[in-house]
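Please open the structure in your viewer and keep the selection panel at hand. Each stop below gives something to select and then says what is there.

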Amino acid sequence: MLFVSAGTLYAQGFDLTRLALTGNRSTVAQDVASVSVSDAGIVAYRTTSVVERRQFVWFDRAGREIGRVGDPDSSVVAGGFLSLSPNGRHVAMHRTVDQNRDIWLLETTRGVLSRFTSDAALDGEPQWSPNGQQVVFCSNRSGVFDLYVKSTAAPEGEQLLLATAQNKSATDWSLDGRFILFRSVDPTLSHDLWALPLDGDKKPFPVVRTGFVEPHGQFSPDRQWVAYQSNESGRAEVYIQPFPGPGAKTRISTNGGAQMRWRRDGKELFYLALDGRLMAVPIRASQDGGLESGQPVPLFPARVGEVIPLQSGYNLSYDISPDGQRFLMNTITEASGAPPIEVILNWPPKS
């Protein structure tokens, strides 16, 4: 079996009877992004050699650039899962440095980067607590991606928040601080959304659990609704449904959409159309206690690259200011095109 871990392509024996890995793994290639192998022993892979550099850029609603944060960075991956702190002073993201992915914080005023986690495992997909004093993130320190939380004031003291048999990562933290919304990868049902209560019995419960892919979701500011992405129509679309339910869902996007973000007052929902444009949808309460959505309005091309990457199926490439008038985008500033495909002929798998 061949697999990629932290950019390194490994090969390891596999017992078809026990369905288990055997022996020690061996290194096949370094700096690998994707790989394919044939029955004839030909290995083809594409490297992650600096393909693009990214820059955090502020835009207004008309798409005019109004400021830059930090320097162009090749360690921030496409999407980057950036999360803007509630006071707007820091951006949390994951970066890969020396083939190790950790959580980093970027000051929005001075552009200073600081490492937030430093474990040898893969840390990623950070989300701020509503008071800005903690960050929840996922890490595979135990072999499975579990949820951890860490205080922004303490250099140590990372705490395991939730461990299950499935890989998982947080997608939002409710503004009242009571729930964390997280994605769980069920081998039988694909990606589903669950909620973790932070008080009471603290027992997770499903929010959107289907046979389709629901990789990302966000609470409305009043926590009465969840906006989420699903491919149940055959392509990614944005939906809203009551939280914790029950209640019917409403489709918000019209021609595909992903990476939704609520405005702080709940009167608008933003998402990226599949052609890369940032869309704004007016939202208002209906007389029957539900929500009514208006027609999606295109604002500007986001310049963030893939809206839905083929490998993972989800990104989170931007965040918004509380008033919904400024957008911090993880933009592509320099691209060198796709790296070449490397081929290894007559690769001898170990018996």
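The tour goes through enclosed spaces, a strand, some single residues and a few backbone details. Keep in mind that the model is predicted.

**Stop 1: the largest cavity**

How many cavities of 30 Å³ or more are there? The count comes to two. Begin with the largest cavity, which holds about 430 Å³ of space. Select Asp172, Leu175, Gln218, Arg264 and Asp319, which are the closest to its centre among the 24 residues that line this cavity.

Now colour the strands that contribute to the lining. Those giving two or more residues to the largest cavity are β8 (83–84), β12 (123–128), β16 (168–173), β20 (216–219), β24 (258–262) and β29 (318–320). By type, the lining of the largest cavity has 11 nonpolar residues, eight polar and five charged.

**Stop 2: Gln218**

Stay at the largest cavity and select Gln218, one of the residues closest to its centre. Gln218 sits in strand β20. Is Gln218 buried or exposed? Gln218 counts as buried because its relative accessibility is 7%, and the cut-off for buried is under 20%.

Show the side chain of Gln218 and look for Trp262: the side chain comes to 3.2 Å from the backbone nitrogen of Trp262. Then display the other residues around Gln218. Beyond the neighbours within four places in sequence, Gln218 is in contact with Thr171, Asp172, Leu181, Trp225, Val226, Ala227, Met260, Arg261 and Trp262.

**Stop 3: the second largest cavity**

Select Phe81, Glu125, Gln127, Ala170, Thr171, Arg183, Pro215, His216, Tyr314, Asn315 and Leu316; these residues line the second largest cavity. The space inside this cavity is about 50 Å³. Its lining divides into five nonpolar residues, four polar and two charged. Two strands, β12 and β16, each supply at least two residues of this lining. Both strands also appear in the list for the largest cavity.

**Stop 4: strand β12 and its partner**

Select β12, residues 123–128. Six of the six residues of β12 are buried, so this strand is largely enclosed by the rest of the structure. Next add strand β13, residues 134–139, which pairs with β12 in the antiparallel sense over four bridges. To see one position in this pairing, select Gln127 and Val136: Gln127 stands opposite Val136 in β13.

Follow the chain from β12 to β13. The two strands form a hairpin with five residues between them. In the turn, select Gly132, which has a positive phi of about 75 degrees.

Go back along the chain to Glu125, in strand β12. Glu125 has a positive phi of about 50 degrees although it is not a glycine. With a relative accessible area of 8%, Glu125 is buried. Glu125 also belongs to the lining of the second largest cavity.

**Stop 5: Arg303**

Another residue that is not a glycine but has a positive phi is Arg303, at about 60 degrees. Look for Arg303 in the loop between β28 (297–301) and β29. Arg303 is partly exposed, with a relative accessible area of 41%.

**Stop 6: Ser230**

Select Ser230, which lies in strand β21, residues 225–230. What is the relative accessible area of Ser230? The value is 0%, so Ser230 is buried. A polar atom of the Ser230 side chain lies 3.2 Å from the backbone nitrogen of Glu232. Now display what surrounds Ser230. Leaving aside neighbours within four places in sequence, Ser230 is in contact with Phe212, Val213, Glu214, Arg235, Ala236, Glu237 and Tyr239.

**Stop 7: two cis peptide bonds**

Move to the loop between β22 (237–242) and β23 (250–251), where Pro244 lies. Show the backbone from Phe243 to Pro244: the peptide bond is cis, with omega near 0 degrees. Pro246 is in the loop between β22 and β23 as well. The peptide bond from Gly245 to Pro246 is also cis, again with omega near 0 degrees.

**Stop 8: Thr188**

End at Thr188, in the loop between β17 (179–186) and β18 (190–197). Thr188 counts as exposed because its relative accessibility is 67%, and exposed begins at over 50%. Finally, select Leu106 and draw a line between the two C-alpha atoms. Thr188 and Leu106 are 38 Å apart in space and 82 residues apart in sequence.

Technical notes:
Residues are numbered from 1 along each chain as its sequence is written. This is a predicted model: local features need pLDDT of at least 70, side-chain atom pairs count only at pLDDT 80 or more; totals for chains, interfaces and linings use all residues. Side-chain values use heavy atoms; hydrogens and water are left out. On a 1 Å grid over the protein atoms alone, a cavity is a set of points where a 1.4 Å probe fits but cannot get out, and a pocket is an open set with protein on both sides within 12 Å along at least five of seven lines; lining residues have an atom within 4 Å of a point. Grid points are joined across faces, edges and corners, and a volume is the space filled by probe spheres set on the points. Ala, Val, Leu, Ile, Met, Phe, Trp, Tyr, Cys and Pro count as nonpolar, Asp, Glu, Lys and Arg as charged, and the others, Gly among them, as polar. Buried means under 20% relative accessible area, exposed over 50%, partly exposed in between (1.4 Å probe, protein chains only). A polar contact is a pair of N or O atoms within 3.5 Å; within protein, one must be able to donate a hydrogen and the other to accept it, and residues adjacent in sequence count only if both atoms are side-chain atoms. Contact means heavy atoms within 4.5 Å. Two strands pair if DSSP finds at least two bridges between them.
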